[in-house]
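Hello,

Here is the structure I promised to pass on to you. Have a look at it first, and then read on for what turned up in it.

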Amino acid sequence: MGNFFPRWTNWLPLKLAIAVVFIVIGISAGFAYYFTPKYTRVGYQPTQPVPFSHKIHAGQLGMDCRFCHSFAETSSHSNVPTNQVCFNCHGAGKGQIKLNSPHLEPVRKAAETGEPIHWVKIHKAPDFVYFNHSAHLNRGISCVSCHGKVNEMEVVFHHESQSMGWCLDCHRNPEEKLRPLSEITNLNWKPADVNREVFYKGLLDGLKKEGANEADALRDIAQTIPQAPKEAAPVSLTDLVALAKTKVGDSVTQQEVGLQLKKHWLVQPPDTCTGCHR
Amino acid sequence: MAATDTASAHAASSTPVVLEREPLVLNNRPFSWISNRICGIIENKQPFLWWILFVPSVILTGIMAFCFVYLISTGVGVWGQKQPVDWAWDITNFVFWIGIGHAGTLISAVLFLTRQKWRTSVNRAAEAMTLFAVMCAGLFPAFHVGRVWMVWFLAPIPNANAIWQNFKSPLLWDVFAVSTYFTVSVIFWYLGLVPDLATLRDRCKPGLKKALYGLFALGWRGANRHWSHYETAYMLLAALSTPLVLSVHSVVSFDFATSIVPGWHTTIFPPYFVAGAIFGGFAMVLTLMIPARAIYGLHDLITPKHIDNMAKIILLTGTIVGYAYSMEFFMAYYGANPFELQTFKLRALYGPSTFYYIMMFSCNVFAPQVFWFRKLRTHLPTVMVVCMCVNAGMWFERYVIIVTTLERHLVPGAWRVFHPTWVDVTTFVGTFGFFMMNFLLFLRFLPVIAIAEVKGVTPQADPHHGDSHDHGIQEDDVMGYEPASCTAPKGAAVTA
Amino acid sequence: MKRIWQHPEEPKTGRRYWRSVGELEQRESFLKNLGREFPNGDELTEEERESSRRNFLKLMGASVGMMGLASCRRPIANILPYTKNVEWIVPGKPLMYATTMPRPYGATPLVVTTYEGRPTHLSGNPLNPSTPSGGLDSFAQASILDLYDPERSQKVLSNGKVAEWGAVEGVIGALAKGGGEGLAILVGAEISPTTRRLRAEVLKALPKAKLFQYEAINNDTQAAANKAIFGAGTRPVVKLDQAMAILSLDCDFLCLDSVSPDGQAKFISNRNADKPSEADKMNRLYAIENRYTLTGSMADHRKPLAASLLPVAAAALAVEIGKLGGNAALGAAAAALAATADAALLEWIKPAAADLFANKGKAVVLAGSRTPAAVQALAAAINDALGAFGPVIDLLKGEDNTAGSIADLAAGINSGAVRTLLSFTCADPVFDAPTSLDFAKVVADKKVTVIHHGTRFNATAKIAALHIPATHYLEVWGDALTADGVYSIVQPMIQPLYNGVSENEIYLALLGKKKFVVAKPAADAKPASAPAGPVEDPGYEAVRETFATVAGGLDETKWNFTLRDGFLKGTQAAAGGGFNAGAVASLVSAGKVPVAPTEQALEVVLVPDNSLWDGRYINNGWLQEAPDPVTKLTWDNAALIGSVTYRKLGLKAQKEGLAPKVEITIGDKKLVLPALEAPGHVTNSITIQLGYGQTVTGFIGKGTGFNGYKLLTNPGEFVLTGATIKATGDDYQLAITQEHDTMEGRALYREGTKEDEENFAQVTGIDSHIPQSVSLYGGQFGPKSEENPQGFDFERRHQWGMSIDLSKCLGCTSCLIACQSENNIPIVGKDQVQKGRIMHWIRMDRYFATPEKDDVDIDPKLEDLENAEMVTQPVACQQCESAPCETVCPVNATVHTEEGLNAMAYNRCIGTRYCANNCPYTARRFNWFDYNKRPLDELYWGPLSTPEKTGLKESMKLQKNPNVTVRMRGVIEKCTYCVQRLESAKIQQMQVQRDSKNFRIPTDSVKSACQQACPTGAIEFGDIADKNSAVFKIKGDGTKENPGSLRNYELLKYINTRPRTSYLARIRNVNPAMPGAKGIAAWSKENS
Amino acid sequence: MSTTLKRVHGYLAEFDSVKDLYHAAEHVRDAGYKRWDTHTPFPVHGMDGAMGLSRSKLPWLVFFGGITGTTTAFLLEYITQAVIYRTIVQAKPATIMSLPAWFPVMFELTILFSAFTTLFGLLAIIGLPRWNHPLFTSKRFGKFSDDGLFVCIEARDPKFSQEGTKTFLEGIGAKNIELVEDDI
């Protein structure tokens, strides 16, 4: 009767098997790369109705973020400034800067008509996520942690993935992002900039203000220094600084700062649903 | 009766044997007869009755599909559920179907392991039934959820949200259990099919049919070097399926047993559910096989012996279930928890849904008792009726467990009675259509009986067939008796 | 990697959701959206609408327009900042304003929560001296929904056709000229100084105009009686906190028949005994009533008595008191009436009277405001004999009401004296005026031109020649006096959504001080949320004028303080009037002789409804769906019939689960409505709630209930006699939220008396002492410590807990509605309620029990059913520390937080409903349909529902709380302890904490919505890790120094769920001398 | 086709009864052939012995398959529940202590993996699917799946000789012996 199936069919199963393996790997890899916020969000840089340059304002001019986003520290939303704010510098009879620059046309128009400028939203939390700016800014999380170095962006773009996983990373170990409150809006801040002496003095005073006696406070701080011995008990601030120097090195590290602040500010970010979903 | 005469006739052909038993294939048929008989079903035109059954079941399937579309597009509210009865017909039907889905694998696997050779002519159909039943079962948990488009949340896939499932939830166990059960059953069933597919392949002319059968026959050549691995594999799968069968319904029962609802929170549930499943499963097998036997004239392959055996199992499991029912009551009383006790009183004595309880008890416990009599065990109409009762009874059992319990939850202020809607009913009826459609297609395109295996249990399949010395082997092989068990009487006969 | 995306020019047609300031044309488009009966919802796809809704709620002061998937990569969302800074507004933070809700015979001080100028939630104003408790009743609570009601009257209608404001201008002008010839002004009973002043001016300007006052549910009888007894304009206000023995003669003073502002709280202030032994330190309440009211259920002793026999009871009481006090005159006045009193009644009255008299000076008898003059007079006399005037009852001077009654008006029309009727009343005379006046017909026959001003397009509006849409009280300037005369301010929270005008403004127009045409829409839209009125708003000016007179000079500082606090300090009605014994006798004898109702001649009692009051709230979904506290009936009214009568009549529905319809006949009047068996209801008596069965109403109110006013014949006669009843044979579907009436001896509700052990709450009920089923895991229970390492962290976290005091819980539904408004809970409609799918997170369980034995549903003695006890118990998510619902969720959608909350992540839920099954308290709710999106009458149509009806109404969106997700179909929801409030409280603390360790919020600084609303403070909520918090003091921690309350118990303790919500068993102050005293509270200790 | 070059596969010999086949197999085995096989419609009892086949190694494969399943499940559960996504539900510990709750899934995956290993292991061992095989060129061979009982001795067998093997097969009572060839 002869073979019904041609001979090549004998190799078919093997070939298929191998093909399938590669296809599966390919697809999952593709998904993981192209369909996660890391790709879909990061880099989103729409053109804005007004060619406003954060680079110039926040970077070169070194304006503080809160000059325009004035409610970030008090409210859940970081507000976009009103035209009046722009006119503080650009307005007639105010700063007089670039009074008739064509770039400012939309702003002037808005002021006249009252029709607000349609800024394009870049960082957009899903509807069921309740992010609160004040909660972060007041507790040592800087703008830069979520928005990147806006002071270097001509036009702002999405810098972090801002996926839930990304949030959780920080909520689980905040020490990697915490910084002194004075540096919140300093987008160029590096832990190395911190003067250890001053930093520890600040902590120490803080603890004392809350009624700890010097010795306990010193021990408390010392034992929070990375790789510090359990029984470490410096007698003076200088001791403390010395200890830190030996354990951490000459320049202050993020971990060093983070751990201290986490412990002594009692930073305990919510890591269950209700923190962000209601 | 006929069986016995023929049996003795056949026995007479060889030297007189002790421990007379009817063989599993009557009238000493040759191999080719078996092939022709079974393949005939597929190759010949389908009897009119087949179409009579097929057309309506296709229509019902359509209705079912419509109901699910309506459900998904509109909301679970189209069903009758309410607080506190958040599960009703959906989960009832799920447990009902999954239960039916048990006999199949059980018949093939357990009976295979215990070398019950009489399984050979029913196991194929039973396995098929399992698959289709599990399909029907799977529909309900899948579609009963509020947001079907989100069910993928159940799959442990790494995601940007870094969220994972809760492996403490019996519902997640269900997901794994049921899907595993389905997959393994498919494998088991398919592996058994391979040699028969080869048979079909070799019987039909070149063409699409041959191509398809051939494709799935994997180029089977019946080589003994293959057979020997094949048998090991088959045995392994049987060995794997057996605990699986038991586990699946146990896991299903965990949905209830691990909860805190009085009437659900019982340790007796796993065995009770498994017994119930086997019970209902066998009943369903019979309800399908008896007509099939009649329609396709498989009397020589599905002998009264088969039916008799299955009736016995139904009787046994039915009694176990009955025991479980009464034990629940006893425990409720003995546990001295008034809430528990009241739940059962409300269920059976003065609650709003006692009707269901009565139906359950009479169908599942009383009906099978007729099987104490051999005459009735082999009297097909009776068997048919009883099996029907059992099928219904098992549905009522699940309804009682799920709905009547929830209707009388812990806080009386929230008590409410459940009323089904037309969607509830039609969806359920629809699944029967879906089930029948699949089963009929199976009858139409695949060998309803395991050809190779049946051949394997015919006398002439025994290499020592007709050798006067040592009858034991034939006895053993054919009847599946351990040599030990029959040497003693044989010895006695010889000395006499 | 950066990718620059040029988004396409955004389409101008793009839909905007916003409530921004000073952008006129946009504002108009928005108003158009609102104006349209059905804002078209078909322009956007679902998720666009979803997100836009939330965005617009969330986004900065202005809002966001979702431009759809214009870019394939991601939809553009826009940020629309304010163009000018707005005073006070911080985008994302709520602003609170004090205002007042004007109501008949009084006013309710409020604090309004607004977000970017949208009022979203109301709560009481504890600063206001007349409502120190800061509680709020359900009507006031729900009134915010009326503001956004898309079917609120929106357009000027002349003869039913939409007209311009010019038309109004014309008519008003004409009226102003006419000198008031043939003009009748019909007003409601709100007390507003400004309105009064303007009215007076108008009447001066139009001397021939006549003033009439009409409220459907009125206290005219009482007022008349009071006039005779105390002198004109005198208003008695009862200091319930001073009364230790109270007897209510059908006076539902705890719910619908207030005798003093904040009455509930004042009453409860004497009911906080914490031990049975202290029971008699509490006040004692006796109630005589024909049906169950919440007052009845709070009473220590309740006597079911036919309403028509009330004078007899009053008289019998008077005689007794007279005897005790040796007050012959009193006895004499009452003797005749008292003679007919039967033994059972006397047996009840005697000890009660003795008790009252024993509390002379601390005792008071309260007569219901609709009871006959005789009862009023007797009550007054008794109070005098009890020395109540002064110590317990304040007589306050008020304006004498000289306005004519509705009867006078009808007469006026008949006589042709009235040809134009300018109607302001919130009642609906055409629908609810007594039938003997035949108001509608008279008006039609005499061709009276009706000018109707109101927020609802009701029956009267329908026959009106001109209908003027009124503003909601949250949209206008005004003022009001609370019942005890505190001058409170009404200030607008938002620009009029539908361009209505206020009553004041119409008077101003009549006085030529206001023009409507220019005023629409207020061209210089002022900051909606900064209600410093623009100078040229006459309404505003008028109020300031009045203020000046009240405050003695327009002092800006005072004014601003008044705006801040919502009232003017030191304004209290002065005392005035006195008891005039002489008037009593005549009033008593004037009344017609009471006859006991019989089976042949039943009595019918017409009462205000717990949801609709007199019918004005008919189109308010929240109230319609709020179950009646007693019958648990929603969306309908019914004839409530006592069990004895009900069963004697053999009433029975043909079909299971339906109610039989009955026909009630009084003289020539017939009313067909469903009957409902009411345990505790007196025999041969029928109670019907009023306000239902309106034909002219909106989508919500359409087809709800049956019109009881048909039976109301003469003004003030709410008790009708000689009624017959027969079953019509057909059935009716009632939507009742509770199917089962008994507790089955499960000791969920526990109450005790002086007789009981101190710790009865702990030992009552089997589940309190069968061993707890303890988990193998040990598990996360209680505070963390060396012994209990797995426990909750009480040192470094808040730990939330709640306690509900059943001694204080009235069972009124205001917590339900507060919760609904705070948490964006949808209404589901009658059909769904009846299917058992109501969404309220708080379920107000109501159990009946026959004295001694708890067997209402089994087979009680009928007379026992007449004396059935009734208790109510709010049950919401108990926030179990070991929550059975959590472990069964396959996707981790509900887990436990470090603060002991049972978290629910809606966006993770797939809706298996397993949690709901496994919740011992049935506290979880499931969204069976898209209740927020689909029209309630087309839920079953799914995607095929009519597009223009589909989707959340524009105006409704404005009411939603921006801090709570609006749930979609297919997810579970439940009480979260108002987690949004907790989180914002914690975040506020963070802003204070900054670089310190001090994380704990100030003690009891956060309240849950239900707690805030509760008029009696029955709910305590707070941080149980804070040793100073009220809730900790109640719960304690088992130590010697903090034992907590002995009344404290947990529901279904034996399951070991360890709820964070616990209950305080109720204590009743039983008078052993009373008949049946022994049986009281015994039932709750029955075991199943 | 006759002109084309062909490759000899081997001799295909048919037998009447299972009994004959069985004894024939014994002879072939004793004759020391290695590359040969019997083809039957059903597994013949004891044929392995008659052919001198050793026991299948499949069970070992499956065993390890099963182990893999168990570990996979355990790791999945341990890592998600106790390490990267710890959630407290019903006061239960998010640690290894909640192991009991993990058993069901561990069990199911064990079975699942074993089943897959069984199927694919089998196919791998017996070298199926192989749709094209020289034997299928034989006319009579088709009967094997019905009632044909065959012995096939392959040409590749060292002891194979065109004549010798033929006579040998005749010797052991084979019917219609056929030389199976296959085009290259």
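**A sheet in chain C**

One thing to keep in mind throughout is that this is a predicted model. A good place to begin is chain C, where 7 strands make an open sheet with mixed pairing, in the order S7-S6-S18-S17-S16-S8-S9. Strand S7 (161-163) and strand S9 (210-213) of chain C are its edge strands, each pairing on one side only. On average, and ignoring direction, neighbouring strands of this sheet are turned by 20° against each other.

If you would like to zoom in, try strand S16 (residues 420-423) and strand S17 (residues 449-454) of chain C, which pair in the parallel sense over 4 bridges. Here Leu422(C) stands opposite Ile451(C) in S17(C).

**The nonpolar cores**

In soluble globular proteins, nonpolar side chains tend to be buried together. In this model the largest nonpolar core has 515 residues, and those with the most contacts inside it are Val285(B), Leu249(C), Ala318(C), Ala377(C), Leu378(C) and Val151(D). H6(B) gives the largest share of this core, 17 residues. Apart from it lies another core, of 17 residues, including Phe71(A), Cys143(A), Leu178(A) and Leu261(A).

Two residues of the largest core are worth a visit. Val285(B) lies in helix H9 (residues 269-296) of chain B. Why does Val285(B) count as buried? Because it has 26 C-beta neighbours inside 10 Å, and 20 or more are enough for that label. Beyond its neighbours within four places in sequence, Val285(B) is in contact with Ala103(B), Ile107(B), Val122(B), Ala126(B), Met129(B) and Met310(B). Phe434(B) is 149 residues from Val285(B) in sequence, and their C-alpha atoms are 16 Å apart in space.

The other one is Leu249(C). Again leaving aside neighbours within four places in sequence, its contacts include Ile288(C), Leu310(C), Val365(C), Gly368(C), Thr371(C) and Ala379(C).

**Where chain B meets chain D**

Finally, please look at the contact between these two chains, which takes 55 residues from chain B and 57 residues from chain D. On the chain B side, helix H2 (31-43), helix H6 (170-203), helix H8 (224-257) and helix H16 (451-456) each supply at least two residues. Which of the helices gives the largest share of that side? It is H8(B), with 16 residues. By class, the side of chain B that touches chain D has 28 nonpolar, 19 polar and 8 charged residues.

Enjoy exploring, and all the best!

Note on methods: Residues numbered from 1 in each chain as written. Chains lettered and ligands numbered in written order. Predicted model: local features only at pLDDT ≥ 70, side-chain atom pairs only at ≥ 80, totals over all residues. Contact = placed C-beta atoms within 7 Å. Nonpolar A, V, L, I, M, F, W, Y, C, P; charged D, E, K, R; others polar. Pairing = 2+ DSSP bridges. Axes fitted to C-alpha atoms, helices over the stretch in contact; angles between N-to-C directions. Buried ≥ 20, exposed ≤ 12 C-beta atoms within 10 Å, placed from the backbone. Core = buried A, V, L, I, M, F, W, Y, C linked by C-beta atoms within 7 Å.
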